[in-house]
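I opened this entry to look up charged pairs and surface patches. The model comes first, then my notes.

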Amino acid sequence: MFVHVYPNPIYFTIFFPRLSLKVLFVAKWDKANISKSLKEYCFPIAVFGIQILIMILIMINLLQDNNRQIITTMNVPVDVPITVKISQYIACMVGVFTAGDLVTGAIYVGRRPIKKRYLDQEIAASGSRVARRSSFMRAMSVALDKEHPWKWEISNSMRIVEGALVVVVSFIFICQAYSAIDLWLDFAAVQFVGLLDDTAFMLSQNGFLGQTAKQLSQRVLKYEIFSENKKKKKRVRRLRLALFIVIGLFMWAGLSYFVFNQANLTYACRSITVTVGETRHQYARHFSGHYDIQDFKINGRAVYVQVQGRGAFLAYCSRDGINRWTISPLDAAQPGTSPIPETWVKPSNEKEIPQDPCGKIVLQSQRTKTHDVSEIGDSMKFWTMDDADADIKCNMCDVSRKGGDCSFRGECHPEKRFCQCSQGFFGDSCQFSGPCTELVGHDELHGLYNRGYQKEWDLMYLSGNAVMVYDRPVYVQNVSIQDQRVTFLIITSLTMFCYLLQTGTDIFDVIAFDGGRWFVSQSDYFMDWYNEYDGREAAYLSLANYLISDFNARDSAYIASYIATEPTTKGTPSNIPFKAWLAEAAEDSIGKLGEEGKSYVCY
């Protein structure tokens, strides 16, 4: 701030701001020359309009989701490195000192512009102190511009609006920064736009913007801002400093809010869906399914555990320069290398906790520094660096898309941000119809050991809800053994019959999904469950709980007597051919299957 003190030390003036927005104050309307008058008014309005337009376009672009899978507040990143966070706080501090238009515009509200030419002449003719004071007051009455005070306030308001937009857009840029270099480049660009009015004034002074603009800039130099005494001079300085401090505190507080949420994984995807095909390794499909976020980090990033039987986990590996997101089996944990906080307690129903994401890598992303797992997309490869037919999708929906993330078959939960599917649809984005309650085939499957399967299968329920394995419904049927029961009833006692009735109903048949293929089995072929089953609970309910909570196609011991001929992502086994699983071959093949394929129709 530049101050010019006059002979009376009680009074002083402040230099008039040299920028094109103040040209509006000195623009004149001449009815005799309307063309020139329009040029004088259009020049400052055009500069202001260009600045505001650029700022608004930048803001709209910054606040658009840009097809990101994760929609966060103000599109801030899921998290950023510490170097970026330090740069963000420094940028806030620098942004405060460059918010001159906003602060100065606020200070100039209600100030009185004066014509310094008249003031200098009157005071120069004065002598004693009393005479100088009297002369100064008379000069002020002449020097004060009283004709168009509204133009002063309008031009000042334009400066405040432009300065405020610069601060807001700068803050958005700072919060959205992914890297320190991009942060400073974007910040410099916004500051340049904020200085366009100063640049336009300088160019007009040198005649680069035409004669009319040059004349207007010369008129601006004839005015200064008047303040009545030295006390107000100190108040202006204190007010200016206070405004800078307030703006800085608000920017730091806002940034700290986002940094705190980033540290607590607030913006991280809560649930992801991994889909792995069979392009190279057959059993890689078992790593498919839902993965839920955990309440701790590994290598500064979120950790996701496979929901189906907790068979695998996804985390970031930074050891030995690997710098990749990896999917590993949970049994690959290496004792002594766990970064899990000691305060984290493993739930009693969970088998393992994720530890070393570099221990036994099955799938890995490209090298990346991102904290956002949804950015991985379909870039996953096998540990051998062979291409994997794998994809990672965030399951969080956006309420503002009005059901678009839920296939327009459901609504997005406003708080938990998952799809609540309408009746008759299911899936993480309501992409599947059903599930159908009954499957019917044209022919029966023969089964193993002379145990045949019926044509009809029913949807499996638990507590009124469909049983889901790998996010697909399970179907069951009971094989009739009444002939056997009748025979035993004739030749043995009633007690023996009741025993056979109980054990017979323990065995029933199951169609389920293993992450990439549908398979047909029976209850006693799920050995992990069958060996632990003690008969205290109905077999149907016990197996349903096991399939939901503990079954994992990679870890669990089970036998599939029939399996789908091709990998699929369909929501039901309808119209999918099944063939008998006769023998297993090499790991990179399906195994030897029967020649005849039979399928079911969904009802």
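**Arginine 285 and its partners**

I started with arginine 285, which is buried, with a relative accessible area of 2%. I note that this is a predicted model.

I then asked where arginine 285 and aspartate 514 sit in the chain. Aspartate 514 lies in the loop between strand E24 (509–513) and strand E25 (518–522). Arginine 285 lies in the loop between strand E5 (271–276) and strand E6 (289–298). The two residues are 229 apart in sequence, so their pairing ties together distant parts of the chain. The contact itself is a salt bridge between the two side chains, at 2.7 Å from N to O.

Is aspartate 514 buried or exposed? I find it buried, at 1% relative accessibility.

Next I looked at glutamate 278. Its side chain also meets that of arginine 285 in a salt bridge, at 2.7 Å from N to O. Glutamate 278 has a relative accessible area of 18%. I enter glutamate 278 as buried because the cut-off for that class is under 20%.

Which residues make up the network here? I list Glu278, Arg285, Asp514 and Arg517, linked by salt bridges.

**Another pair, and the count**

I looked up aspartate 555 as well. It forms a salt bridge with arginine 554, and the closest N and O atoms are 2.7 Å apart. Aspartate 555 is partly exposed, with a relative accessible area of 31%. Arginine 554 is also partly exposed, at 25% relative accessibility.

How many salt bridges are there by the rule used? I have eleven in my notes. As general background, side chains of opposite charge can pair when their charged atoms come close.

**Nonpolar surface patch**

I turned to the surface. A nonpolar patch there has about 1000 Å² of accessible area together. I wrote down its members as Ile82, Ile86, Ile90, Met93, Phe97, Trp184, Leu241, Ile245, Leu249 and Trp252.

Which helices each supply at least two residues of the patch? I have helix H3 (82–97) and helix H11 (230–263). H3 gives the most, with five residues.

I checked one member on its own. Isoleucine 245 is found in helix H11. Isoleucine 245 is partly exposed, with a relative accessible area of 44%. That value fits the patch rule, because a patch residue needs over 30% relative accessible area.

Notes: Residues numbered from 1 in each chain as written. Predicted model: local features only at pLDDT ≥ 70, side-chain atom pairs only at ≥ 80, totals over all residues. Heavy atoms only, no water. Salt bridge = Lys/Arg side-chain N within 4 Å of Asp/Glu carboxyl O. Buried < 20%, exposed > 50% of the residue type's maximum accessible area, 1.4 Å probe, protein only. Helix = DSSP H or I, 4+ residues; strand = E, 2+ residues; numbered from the N terminus. Patch = residues over 30% accessible without salt bridge, like charges linked within 9 Å, V, L, I, M, F, W, Y side chains within 5 Å. Areas by Shrake-Rupley, 256 points an atom, 1.4 Å probe, with all protein chains shown as cover.
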